[in-house]
Amino acid sequence: QMRFVESGGGLVQAGGSLRLSCTASESTFGISVIGWYRQAPGKERELVALISRRGLTNYLDSVKGRFTISGNDARDTVWLQMNSLKPEDTAVYYCNGFDRDDDRWGDYWGQGTQVIVSS
């Protein structure tokens, strides 16, 4: 079973930056879109940013202008550059992929990477 492995989280002061990495354990051939999600304590998991194989991107309104998603050509590694971090960005960040054939988000979740932004 393919899984994403997330890394790069940590503790940072408000206004700081972090770069998260998401690496696939196998080929992402059947995945058309990769997304970064986050889940804060007591809250639902939410989609933060996504990137398609053609490089199209989309962002949660609250992170637009601060976060940038990018990926290598094979889309087996995707990054999330997070700048001007705010305490409300504190969450566990995960990756997942959208199955082209099943036409839905798959179950490729990794263990996540914790981001803590102190005020």
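**Exercise 1. Work out which residues form one aromatic cluster, and look at how its rings meet.**

Step 1. Start with the members: Tyr37, Tyr94, Phe98, Trp105 and Trp109 make up one aromatic cluster. For the pairing rule, rings of Phe, Tyr and Trp (its six-membered ring) pair if their centres lie within 6.5 Å; planes under 30 degrees apart count as stacked, over 60 as edge-to-face and the rest as tilted. Keep in mind that this is a predicted model, where local features need pLDDT of at least 70, side-chain atom pairs count only at pLDDT 80 or more, and totals for chains, interfaces and linings use all residues. Residues are numbered from 1 along each chain as its sequence is written, and side-chain values use heavy atoms, with hydrogens and water left out.

Step 2. Count the pairs: the whole structure holds five aromatic pairs. One of them joins phenylalanine 4 and tyrosine 108, edge-to-face, at 6.3 Å centre to centre with 85° between the planes. That pair bridges distant parts of the chain, with phenylalanine 4 in strand 1 and tyrosine 108 in the loop between strand 10 and strand 11, 104 residues apart. (Strands here are DSSP runs of E, at least two residues, numbered from the N terminus.)

Step 3. Check burial, where buried means under 20% relative accessible area, exposed over 50%, and partly exposed in between (1.4 Å probe, protein chains only). Phenylalanine 4 is buried at 1%, and tyrosine 108 is buried too, at 12%.

Step 4. Now back to the cluster. The rings of tyrosine 37 and tryptophan 109 sit with centres 4.9 Å apart and planes at 75°, so they count as edge-to-face. Tyrosine 37 belongs to strand 4 and tryptophan 109 to the loop between strand 10 and strand 11, so this pair ties together parts 72 residues apart in sequence. Tyrosine 37 is buried, with 10% relative accessible area, while tryptophan 109 is partly exposed at 23%.

Step 5. Add the charge: the charged end of arginine 45 sits over the ring of tyrosine 94, 3.9 Å from its centre. The test is NZ of Lys or CZ of Arg within 6 Å of the ring centre and within 35 degrees of the ring normal.

**Exercise 2. Find which strands pair with strand 9, and say how enclosed strand 9 is.**

Step 1. Go for burial: nine of the nine residues of strand 9 are buried, so the rest of the structure largely encloses this strand.

Step 2. List partners, bearing in mind that two strands pair if DSSP finds at least two bridges between them. Strand 4 (residues 31-39) runs antiparallel to strand 9, with eight bridges; here tyrosine 37 has tyrosine 94 as its bridge partner.

Step 3. Strand 11 is also antiparallel to strand 9, over three bridges, and valine 92 stands opposite glutamine 114 there.

Step 4. Strand 10 pairs with strand 9 in the antiparallel sense over two bridges, with phenylalanine 98 opposite tryptophan 105. Their hairpin has four residues between the strands, and aspartate 103 takes a positive phi near 55° in it.

**Exercise 3. Trace the salt-bridge network that includes Arg66 and Asp89.**

Step 1. A salt bridge is a side-chain nitrogen of Lys or Arg within 4 Å of a carboxyl oxygen of Asp or Glu. The search of the whole structure turns up five.

Step 2. Name the network: Arg38, Glu46, Arg66 and Asp89 are linked by salt bridges. Within it, the side chains of arginine 66 and aspartate 89 meet at 2.7 Å, N to O. Arginine 66 lies in the loop between strand 6 (57-59) and strand 7 (67-71), and aspartate 89 in the loop between strand 8 (77-82) and strand 9 (91-99), so the bridge ties together parts 23 residues apart in sequence. Both residues, arginine 66 and aspartate 89, are buried.

Step 3. Set another bridge beside it: lysine 64 and aspartate 61 meet at 3.0 Å, N to O. Lysine 64 is partly exposed at 46%, and aspartate 61 is exposed at 60%.

**Exercise 4. Describe the surroundings of threonine 113.**

Step 1. Place it: threonine 113 is in strand 11 and is buried, with 8% relative accessible area.

Step 2. Follow the side chain of threonine 113, which reaches the backbone nitrogen of glycine 9 at 2.9 Å.

Step 3. Leaving aside neighbours within four places in sequence, threonine 113 has contacts (heavy atoms within 4.5 Å) that include Glu6, Leu20, Val92 and Tyr93.

Definitions and conventions: A polar contact is a pair of N or O atoms within 3.5 Å; within protein, one must be able to donate a hydrogen and the other to accept it, and residues adjacent in sequence count only if both atoms are side-chain atoms.
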